[in-house]
Each structure stands twice: as C-alpha cells, then as structure tokens.
Amino acid sequence: MPHLHMNPKISVSVVFVAAMFMSIMDGTIVTVALPSLGRQFGVSGTGIDAVVVGYLVSLAVVIPASGWLGDRFGTKRIFLSALALFSITSAMCGLATSLPMLILFRVLQGLAGGALTPVGTALLYRTFPPAERVQVSRILNIPTVFAPAMGPVLGGVLITQFSWRWVFFVNVPIGILAGLFGLIFLQEYYEESVGSFDLLGFLLAGIGLALAMYALSEGPNYGWTSIGILSSGIVGVIILVAFVFVELRSSHPMLDLRLLSNRAFRTCNLLSLFSGAGFLGLLYAAPLFLQEGRGVSALTSGLTTFPEAIGVLVMTQIAARLYPRVGPRRLIVSGLTGVTIFMLLMSLMGNDTSLWLMRGLMFLIGAGMANAFLPVQAAAFATISPAATGQASALNNAQRQIGSSLGVAIISTVISFVGITQLNAGGVVVPNLNAYHAAFITSAVLVLIAVLIGLKVRDSDAASTMQRTGSTAKQEAVLEATLSAEAGM
C-alpha cells in the first residue's frame, strides 16, 4: 500500500487500531482465563484476582506520567516503546511457571498499557484537525468497543482448544506487526514547551490512583468495611486531594488539571465517567447473569453479549453522518435515553426468556452507546490545543479507568448485596436472578445520570468538529477502505 508513505493519517489510524485492539481485549480475555489459571496454580477465590488487580494498579501508576513522557521524548518513541514492552510482557505472562511470576509480568504489562492508550490517543488527535474529529472518533470506536466484546469469545475458544497461555500469546504477533508498521510509517511529534518532570505530582497521582483502583477492584471481594479496603480507599482519596492542590499550584504540573476549567472538556469527561460506569457495569453483569444465573456456556455467553459491538459499529456510521447536522447534544441525550430504557428491559429477562431477546437488547444498547461515544470523543477535545492534547489525553484516560472500575465495583456490590443464590419452595439452593436484575437497573441509573449531564453539552463548543468538507469526506472514504482491508487480514 504505497499511499501509506504519503498519508500519516492512515498510518496512525492503522497502528492505533491494532495496538488498542490488543491492549483493550487483554482485559476481558484474561478474565475468562481466571478459572483455568486458578486450577493451574492451585489457587481459588480472590487469590487469583491478583492477576487482574496487579495489572489495573500498575496501569493507574503510569497514566498520569504518559502525557509528559510523550511530549518530552516524542509520542512515536513512547508509543512504540510501550507497544514493544506490552508484547514482550505478554509473551512472558504466557511462559510463566508460577503465580508470583505471572503477577510480576502482569504488573510490567500494566506499566506498558498505562502509557499505550493515552499516548496513542494523543498521537491520533494531533494528526487529525478538529474538523476531522468525528472521523477520529469512528477510528477510536473500532478497538474500544469491538475488543471488549471479542475478548470473551476468543478467550473461550483459545482456552478450550489450546490452553490459558494462549490468551497472552495472542498479543505477540499483533504487537510485532503493529510495531514494525509504526516504526516505518509513523511520524514523530515533540512538544517544545514541555516543562521539567513533576516528581511530587507523579508520586501523588500514581500512589493515589493505585490505592483507589485497588479499593474499587477488590472492595466487592473483601467487603467495603474490611481494614485493607477501607484504609486503601481513604488514603487514596486523601492523596488524590493533596495531588489536586499541588498540581493547581505547579507551573509545570504532571497532569494539567486546569484543563477541567474548559467547559466542553469537563462536561464530556463527567458524562463519559457515568455512561462508561453504567456500560462497563452491564458488560460485567451480563456474562454473570448468563453463566451463573442461566447456566449457559462461556462461548454462548460471549456470543449473546457480542451483538452489543455490532450495534456500536453499525450506529457509529450513521451517527457520524448525523453529527455535522444534528450536533453532539441531541445525539448524546437521545442515544443514552434509549440505553437507559433498554437496560431496564434487561431486568425483565427470566429463566425461560429467549436469549435472542437479550441479543436484540444488547444490539440496541450498543447502538445507543454509539450515539454517545462518537459525539463525546469529538466534542471533548474540540477546544483543546495541540500543545495540550497529551495532557488532556492522560486526564481523559485516567477518568476512563476510574469510571470502568467504579461501574464494576458498584454492580458487583449490588449483586453481592442482593445475593446470587436463594432457596426455592423445595429448599433447594438455586440462582437468584433478582441480583442480576438489580444490577441491570443500577447500570440504567448510572446512564440516566449521564443523560442529565448530557443536557449541559453545548453544540456551540463543538462547532469546529461539526464542519464537513469535500476533502474530509474523501479522506474518510480512503481511511474506511484501508481499515476494512486491515480488519479482513
């Protein structure tokens, strides 16, 4: 494809999609492997969760520094370095011979993942001007939506046909190909005005986020009132509050919190926090409902939730064409209102309800979320300057990680509180579907909060992203053709 030499937009898009698909899918595909890992290393219950928690905590430590690293050493260099480290540590995870070894490699993998997403996003936004941000959002949606849905399906197949090691090995060829492609075709970007490294800000943000992420991810397992969780949560919040005061007084902050004074950026991030929490909470509860409540196989569960990704991909194409004429506000509010209703309808699913009804609802939920994903991503960065994009991307990704963990923590707590089992009339212990119904309703409430925040979005703030020119349309056609060819490989 010789035109890739001449068009950096296509080069960045291809590398970004491949790298993000690999790193985002890693989260859901590893979750599917936890039972197999428990049997392999003779660990049960919450002991094996360290494989997931170690990754999340190390991820949180690096995200605040990612913006500065990319600006200082170059977005291409940091992105490709993170991609290489992620690929190498994936192979090391697959070769692990003990649980402590696997946890160590997962922590190293998290350090790479913490830089990969925000630096990759900054690279993408710096390549595309505001008028083409809707085009960028269509690219972002490919890995961020398709990968989480694909993880359980691919994970189930790999574990069944091969072994748990392949859920890590699968990252390696993707990482190698994306890395080589990026090394040849990506252009470097430095931010000349970058200040000195804010060590105090880095320590406060890293430790505070790590403790908060640990409390959120392990709270449902150990209980919110347990000493470890309570102390981690409280200390984490105190450190993050101190971080805010320190950063607002710093001339060269690790994370430029002053960006939150930007109305569009602040509103879109707050909206994304609640809608993401509700959506990720649903994606956590739905497989549990299917496998624990209904007793279906992991593969059937994955295929039942998968239509959500199809709904997002289909509706994204429509929303992208509506966006320049309708604007972000109406798309966001209408889309998330539909999601709220469809999530509430999920709570009517019983033991004998056809799974095709659930597949239909998952498709509609995905379609509704597409109406929010695309406008929020485009509008959030509409008034952010290229120089501030690295910092804004780091803030945006920190919010996304917190929102995801918050959603899963809330939903997991609701399920535990209601109780996953109950006694039937004959005194036999049976699954309690009410626990999952309560989880679906809670997800709907979180999305409803996002709807109310969406009413504050102003189309005028996103005016620069609503422009559409003939050249933009032509670039979109070329880009879509390239990405389609890439997906078919």
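In which helix does Ser 58 lie? In this predicted model, Ser 58 is part of helix H2, which covers residues 50-73. The surroundings of this residue and of several others were examined, after an account of the chain as a whole.

The chain has 489 residues, of which 56% are buried. Its secondary structure consists of 17 helices and two strands. Contacts between residues with a separation of 6 or more were also considered, and 83% of these join residues 24 or more positions apart. The area exposed by the chain is about 19,500 Å², and 69% of this area is supplied by carbon and sulfur atoms.

Two serines of helix H2 were considered, Ser 58 and Ser 66. Ser 58 has a relative accessibility of 5% and therefore counts as buried, since the cut-off for a buried residue is under 20% relative accessible area. The side chain of Ser 58 reaches a backbone atom, the oxygen of Val 107, at 2.9 Å. Val 107 is also among the residues that Ser 58 touches when those up to four places away in sequence are not counted; the others are Arg 106, Gly 110 and Leu 111.

Ser 66 is likewise found in helix H2. With a relative accessible area of 1%, Ser 66 is buried. When residues up to four places away in sequence are not counted, Ser 66 touches Gly 114, Ala 115, Pro 118, Val 119 and Ala 394.

A further buried residue is Val 153, whose relative accessibility is 11%. Val 153 has its place in helix H5, which comprises residues 133-161. Residues up to four places away in sequence being left out, Val 153 touches Leu 299, Gly 302 and Leu 303. The C-alpha atoms of Val 153 and Phe 306 are 8.1 Å apart in space, while the two residues are 153 residues apart in sequence.

Helix H11 is made up of residues 298-305 and contains Thr 305. The relative accessible area of Thr 305 is 9%, so Thr 305 is buried. Apart from neighbours within four places in sequence, Thr 305 is in contact with Ala 286, Leu 290 and Met 362. Between the C-alpha atoms of Thr 305 and Pro 287 the separation is 7.4 Å, and these two residues lie 18 residues apart along the chain.

The interior of the model was also searched for cavities. Five cavities of 30 Å³ or more are present in the structure. The second largest of them has a volume of about 40 Å³. Its lining is formed by Arg 263, Ala 264, Thr 267, Pro 328, Ala 379, Val 457, Arg 458, Asp 461 and Ala 462. By class, five of the lining residues are nonpolar, one is polar and three are charged. Helix H10, which spans residues 263-293, gives the most to this lining, with three residues.

Technical notes
Residues are numbered from 1 along each chain as its sequence is written. This is a predicted model: local features need pLDDT of at least 70, side-chain atom pairs count only at pLDDT 80 or more; totals for chains, interfaces and linings use all residues. Side-chain values use heavy atoms; hydrogens and water are left out. Helices (H or I, at least four residues) and strands (E, at least two) are DSSP runs, numbered from the N terminus. Buried means under 20% relative accessible area, exposed over 50%, partly exposed in between (1.4 Å probe, protein chains only). A polar contact is a pair of N or O atoms within 3.5 Å; within protein, one must be able to donate a hydrogen and the other to accept it, and residues adjacent in sequence count only if both atoms are side-chain atoms. Contact means heavy atoms within 4.5 Å. On a 1 Å grid over the protein atoms alone, a cavity is a set of points where a 1.4 Å probe fits but cannot get out, and a pocket is an open set with protein on both sides within 12 Å along at least five of seven lines; lining residues have an atom within 4 Å of a point. Grid points are joined across faces, edges and corners, and a volume is the space filled by probe spheres set on the points. Ala, Val, Leu, Ile, Met, Phe, Trp, Tyr, Cys and Pro count as nonpolar, Asp, Glu, Lys and Arg as charged, and the others, Gly among them, as polar. Accessible areas come from the Shrake-Rupley method with a 1.4 Å probe; for residues, only the protein chains shown count as cover.
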